[in-house]
Amino acid sequence: MIRKSIFLIGIIISIVLVFSCQFNKQEEQKEKYDSVMQRKLANYAKVKLSADLSLLPANEIKLLSQLIKVSKNIDDIYWQQAYGDKEKLLQEITDPDMKEYAMINYGPWDRLDGFTPFTDDFPPRPLGIGFYPKDINQEEFFELQNDGKYSAFSTLIRNANGSLEVLPYHQAYENNLNKAVENLKIASEMCDNEKFKTYLLQRGEDLLSDNFDKSDELWMQLKNRNLDFIAGPISNTEDNFLWTKYSYGSFILLKNTEWTKDVEKYSLLVPYLQKILPVADEYKAGTPSTSANIVIYDVLYTSGYCNAGNKLIGVNLPIGSSTSNESRKLHFKNVMQAKFNQILQPISSLVIEENQRKNVLFKSFFLNTIFYEICEGLGPKETINGNGSVKEALREHHSVINELKNDVLRMFFLGQLNEMREIPDVELMDNYVTYMADVFRSIRFGITDSQGVANMIRFNYFEEKEAFKYNPKSGTYKINFYKMKKAIESLSKLVIEIQGNGDYETANEIINSKGYINNELLQVLYRIQREKIPKDLVFDQGEKVIIPDL
């Protein structure tokens, strides 16, 4: 009897130990799991999207609710494009932190980490995401006898027989589009402005036909509107299978008239800026546009592609109309201000020499960004030695060199305009130090794209020229004003001559020798990460945020 009791007690203890061990492992796994997701969420600073609506008439404030409804339907469409079944995914995720992170990323793939899955529970991101069946292959695609497959506004599905079938966007997303168009009609009825009313109605028609030329042309004519609205195709960068399909997104925007006027003054200087390029006259032969057509807005609401992961501080629209070669460069002041406050300033307090931190200013950050866009239209488009276009001559290096040109020329021109006293309230040193601090903000996203490589080329070039020096004791950088100015001038000259000469060999050499993150910089980036400084923003938005008294 005693032996039997001892045996039973032993079994009970064993069972308790097994369950206890399993429970502890689950708790440890949960703790590790939670801490990972919480660290990921900490990469995003939450900011409210709001602006001063006092210039808007009462009826336009009321129509905001209808535009938000349109945007929410565009958001549902983008979920289908970026992932698939949103509701099914969110039901499968039980952890609230992971669910929140999935909402930010529009799927289970981390946009700040090269679209890697959050955990091993999720498969790698398909190349064609929601635009194509997950199991599609190139051979099958090209064998399909339907030219609609190449359309920027079509999706491919498998029919009941398992064969590929092409669906135009207006059919694939018919339910959401019909709802969006109904809300656009209601919004148009609330408009006093006939041009805006016509645009909204035409946009609705174009969403149902996948042809946006008419509404794009109408939108380009709306130059003096305070309230603006964009809904539809924004970017084709997420289709990694064929690189053609456009992702949908939306913006509700409020024009910032004061800051737009300042930018218009600078953009009118584009022809003059072409003439003072720091190179021989033969490299200045191109004719730039007379204006950069830049408009400054505050964002009131955003959805779809425009709200996913890393938030846009600007966008060029329309995406490519056959009726016009014109486009408008939209820049978002309140988003830029939030990135400056939440990310750039904390970074500069960590990595910029203490006496120079006062030079990190939002006005300088804003101007540095805007002049990047102004420089897009400057520089040679054709080689001066008969090697064809710059793009053809530089081949795969064209994009990096063009980004580098925009990057360094903006600082050259800001220096020239500063000497002419054209930029009040900002010292050139402010632009230089802010420019330096912004390297650490942007390079945290890596060097997987052309802009990232261009950032590193100019960082390493400036370091060679002693435009700045790193202090290993304090872990900070100090800018040398005179040497920075000289380095900017010499790199500007080098880049334009690479373009004008179509010098593929020099482009290749500078990319290979300087387009990388060195160990010193890598350690600084680790230090920024340990301080839990956010990488980007997540928006707190909606009617109650835009109109608190609603």
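How many ångströms should the 25 residues of helix α2 span at 1.5 Å a residue? Keep that in mind as you open the viewer, and remember throughout that this is a predicted model.

**Stop 1: helix α2**

Select residues 58–82, which form helix α2. At 1.5 Å a residue, its 25 residues should span 36 Å. Now check the ends: the C-alpha atoms there are 36 Å apart, so the model agrees with the expectation.

Next, click on L64 and look along the helix. A kink of about 25° in α2 is centred on this residue.

Turn on the surrounding residues too. Of the 25 residues of α2, 18 are buried, so the helix is largely enclosed by the rest of the structure. Before you leave, step past its end to G84, which follows α2 and has a positive phi, near 145°.

**Stop 2: the five-stranded sheet**

Now colour the strands β6, β7, β8, β10 and β9, in that order. They make an open sheet of five strands, arranged β6-β7-β8-β10-β9, with mixed pairing. At the edges you will find β6 and β9 (314–317), each of which pairs on one side only. Tilt the view a little to see the twist, which averages 40° from one strand to the next. A general point helps here: the strands of a sheet pair through backbone hydrogen bonds, either parallel or antiparallel.

**Stop 3: strand β7 and its partners**

Select residues 247–255, strand β7. Are its residues buried or exposed? Nine of its nine residues are buried. Look at both faces: S247, G249, F251, L253 and K255 lie on one side, Y248, S250, I252 and L254 on the other, and all of them are buried.

On one flank, add β6 (residues 227–235), which runs antiparallel to β7 and is joined to it by eight bridges. Two places are handy to label: S235 has S247 as its bridge partner, and D228 stands opposite L253. While β6 is showing, add helix α8 (residues 194–207), which packs on the sheet and touches β6 and β7. The direction of α8 makes about 20° with that of β6.

Then show strand β8 (residues 294–304), also paired with β7: seven bridges join these antiparallel strands. Find F251 here, and opposite it you will see T302 of β8. Keep T302 on screen in your mind for the last stop.

**Stop 4: strand β10**

Select residues 328–332 for strand β10, where five of five residues are buried. R328, L330 and F332 point one way, while K329 and H331 point the other way.

Which way does β10 pair with β8, parallel or antiparallel? The two pair in the parallel sense, over four bridges. To see one meeting place, label I294, which stands opposite K329. With β9, by contrast, β10 pairs in the antiparallel sense, again over four bridges. Here V315 stands opposite L330.

**Stop 5: Q541, back to T302**

Finally, jump to Q541. You will find this residue in the loop between β13 (536–540) and α21 (543–546). Which residues does Q541 contact, leaving aside its neighbours within four places in sequence? They are L49, Y301, T302 and N307.

Zoom in on T302, the residue you met opposite F251. Its backbone oxygen lies 2.8 Å from a polar atom of the side chain of Q541. Show both residues as sticks to finish the tour.

Note on methods:
Residues numbered from 1 in each chain as written. Predicted model: local features only at pLDDT ≥ 70, side-chain atom pairs only at ≥ 80, totals over all residues. Heavy atoms only, no water. Polar contact = N/O pair within 3.5 Å; in protein donor to acceptor, adjacent residues only side chain to side chain. Contact = heavy atoms within 4.5 Å. Expected span 1.5 Å × (residues − 1). Bend = angle between axes of the 7 residues up to and from the residue. Buried < 20%, exposed > 50% of the residue type's maximum accessible area, 1.4 Å probe, protein only. Pairing = 2+ DSSP bridges. Axes fitted to C-alpha atoms, helices over the stretch in contact; angles between N-to-C directions.
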